Every structure is written in structure tokens, then in C-alpha cells.
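Let's take a walk through this model together. Have the sequence and the 3D view open, and follow along.

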Amino acid sequence: MKNFEYHNPTRLVFGKGQIAKLAGLVPAGAKIMVTFGGGSVRRNGVYDQVAQALEGRDYVEFWGIEPNPSVETVREAVALGREYGVDFLLAVGGGSVLDGTKLIASALAMPGIDPWEIVLSGQARAAIPYASVMTLPATGSEMNNGAVISRRETREKYPFYSRYPEFSILDPEVTYTLPPEQIANGVTDVYAHILEQYMTVPGQSRLMDRWAEGMLMELVELAPKIRANPHDYDVMADFMLVAAMALNDMIRMGVTEDWSTHMIGHELTALHGIAHGASLAIVFPATLRVLRDQKRGKLLQYAERVWHITEGGEDARIDEAIARTEAFFRSLGQKTRLAEAGIGDETIEVIAERFNKAGVAYGEGRNVTGDVARQILQAAK
Ligand code: NZQ
Ligand code: ZN
């Protein structure tokens, strides 16, 4: 096991009716900016609950943080935040609203620096405090310090790191209005987050392995239940909790991580506007196919423990585990091939060139360069 420090300072406030707790959680006397997406919160009653809880408080609203939040929109919000002298942010929405808000928080604390410079630096050195009412189980953004920001002008999308939310309120009832494709993207994203931290090499931490495997099995069990009844409180509560736990540092203590699928997926989103979860459903099975030798030991463990595959030789079991993973994504309604998404060789070359030009080498083996990304995308055709 590698050395590590674990310190997740985000207060998780979970359950029915918990949005009302905002009144006590947002610091007294704060000058608040509340950030929103395109309006889903107006239709499902979340906006009214937030407005009620913040009654009498000093706040301004910023609307219009879009899916795959852009630096262009963030700049507008930063201007409004400065005008009002905001010192606390509250994101109300999905991962995109929260990620955009993370960049607003950093930009407000770093005057004179363009937000895109903060993204490119990879790590913001300051941020004002912020919190969230999370309405979409998927990204884990509610309990981590990461955010992924797009730049429309150049069709780029990169992650950066900042401070953690002060608190996040998760009321499973607010997920009842999610359309089926957002649920599919959410389940795919959570499954992929666990795999990125688990599907490396075996034997680094038995505890991390068991937690990750338990969460993967939980998602496989939950997915058909969510489809059958997306208004089942306990089912949605488990989904919301596993989403938060999958990317809050808990299952990565002392182990190496991959993340190459995510980095390739971000390129597909940047170039084609394809949703984040949808991009992962296409790339992950291909990553496993291309890197099967490097990941051999972990793939065998995954086959046995998550999919209960015990028959046949080692290669046959690995084939079966990868096929089951792809079939799981398809069972959610995802496309799992580039051709189905209308993406061809031209895009593959653009991504390979971008990676090679930037000199990146992702993955636990630090070997997913542009050339390996090309192989992965070819295997996703
Ligand atoms: O904009 P509104 O009108 O609010 O509608 C949203 C949006 O259209 C809607 N929605 C959200 N909650 C809803 C709802 N509709 C009905 N009922 C509800 N309760 O869903 C649409 C998608 O929302 P979005 O926030 O874009 O989805 P998600 O939460 O999946 O976030 C995706 C973004 O997060 C990044 C992705 O790259 C992508 O940009 N990620 C962030 C991570 C992080 N911060 O740690 C990690 C992830 O790997 C991911 O990269
Ligand atoms: Zn993700």
C-alpha cells in the first residue's frame, strides 16, 4: 500500500426534507450567490425549497450553467459575483452546476487571473467557500475537490482541483424527475469512477478492493430496480449514496489509479458534445480490451468477484468479464461503440495528436500516450 493522507472535510447532509437545513448551514451574514443550471430545479420544487430556506438572507441568483460547464459562462458569473461582493456560493443542480461553481469560487478568490488559466494550472491556489444542493447522482462532485471545465471557443475540456464543498445536501426525492438518459449516464459514470480506482493491479489494498467490488455489485443490482421504479426512495437513496462514496477519496486510499478512460472521454465530449457518462460507456470496454495484459491480475479478480465468472481458462474469463461490462452499459441504454455515436477516424486522429502534442501519459502505468489512446479508440469502433 502506498502512503497517503485522507481528509475529506465536506459535511454530507442526507435525506428527505434536508434542503430546509440550508437555513442553519449557510454562514450567518454571508453575501451569497446561488448558482443554477437551465431550470430543472424550477420544475421539481427544489428552487422553491431553496428560496424558502434562504428567506431573509442576502443573496443573488446566477442562472444558466450548462451541461459540461464552460469557462465562458463562468466568466459571466464571476463578474456578477464581484459586482455583489459575494463571499459564499451555493450550487443547486447537477455536477455541471457544481463544477462551474468550483471555478467561480476560485476565480473570485484569485482576482486578475482568467478562469481558464486556473483550469490549465490544474490546481487552484485559493477559493472562497461554497456548498451544494446536489440533484443528480453521478459525478461525486458533491464530496470532492475536482471539477471539469470546457472551453467552447477551442473545444477543450480539462479537470482542475480546488477546495472541497463546505457541505452538500442530498435529498433522494429530488432525483425523481431525472430523465432516463441522465440516470443511465449517472450509473455509467459512477461505475466508471469505481473502475478507474480499482482496475489497475491487484494486491495493493485488500480493503480498497472489497469496498470497490461491493460498490460495483451494488450498482449492477440497483440499475434494473431504478429502471423499474425511479420513484422508490430507498433505491434512489442507495444510488445517491454510492455516487457520492465512489469519488470522495474513500476507495483510493493507498492505491494507484487509472483515469485514462476519463481523459479520452473528455475529448469525445469536447469535440462532439457527447454526454460524459455516454463517453465512458464507449471508451471503458475498449480500454480494458487494449490494456488487458497490464490489468490481467485485476481483470481476473474482477471477473470472479463482481461477475462470479469461475469457469474456463484465464483468457476466456477475462473476455467474459469485459463482455459483461459492455453488456451492463448496453443494458442501461448506452451506445458502446464509436460508430453508433457517428464518430470516426478523423476524431481518433485529433485525440491522438492532442495527447501526443501535450506529451501526456495517463493510467496507472503512465503509458496511455496519444498512440495508446489511438489504439483504445480503434478498439471502440
Ligand atoms: O441544467 P438543468 O436544467 O438543471 O438540467 C440538468 C441537465 O440538463 C438535468 N438535471 C439535473 N438534475 C435534475 C435534472 N433534470 C431533472 N431532475 C433533476 N433532479 O440533467 C442535465 C445534466 O446535468 P449535468 O449536471 O450536466 O450532469 P452530471 O451531474 O452528470 O454532470 C456532468 C459533468 O460533470 C463532470 C462531467 O465531465 C460533466 O462536465 N464530472 C465531474 C466530476 C467531478 N467534479 O468530480 C467527475 C466526473 O468524472 C465528471 O467528469
Ligand atoms: Zn466521471
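**The zinc site**

Along the chain, the donors of the zinc ion (ligand 2) are spaced as D-x3-H-x68-H-x13-H. Donors here are N, O and S atoms within 2.8 Å of the metal (3.2 Å for Na, K and Ca), and water is not among the atoms, so sites may look incomplete. His262 sits in helix 10 (residues 260-272) and His276 in helix 11 (residues 276-290), so this pair ties together parts that are 14 residues apart in sequence. Helices are DSSP runs of H or I with at least four residues, numbered from the N terminus. The full set coordinating the zinc ion (ligand 2) is Asp189 (OD), His193 (NE2), His262 (NE2) and His276 (NE2), at 2.0 to 2.2 Å. His262 and His276 are both buried (under 20% relative accessible area, with a 1.4 Å probe and protein chains only).

A word on the ground rules: this is a predicted model, where local features need pLDDT of at least 70, side-chain atom pairs count only at pLDDT 80 or more, and totals for chains, interfaces and linings use all residues. Residues are numbered from 1 along each chain as its sequence is written, chains are lettered from A and ligands numbered from 1 in the order in which they are written, and side-chain values use heavy atoms, leaving out hydrogens and water.

Now look at helix 7 (residues 180-198) and helix 13 (residues 314-331). Val187, Thr188, Tyr191 and Leu195 in helix 7 meet Thr325, Phe328 and Phe329 in helix 13, with contact meaning heavy atoms within 4.5 Å.

Definitions and conventions
Helices (H or I, at least four residues) and strands (E, at least two) are DSSP runs, numbered from the N terminus. Buried means under 20% relative accessible area, exposed over 50%, partly exposed in between (1.4 Å probe, protein chains only).
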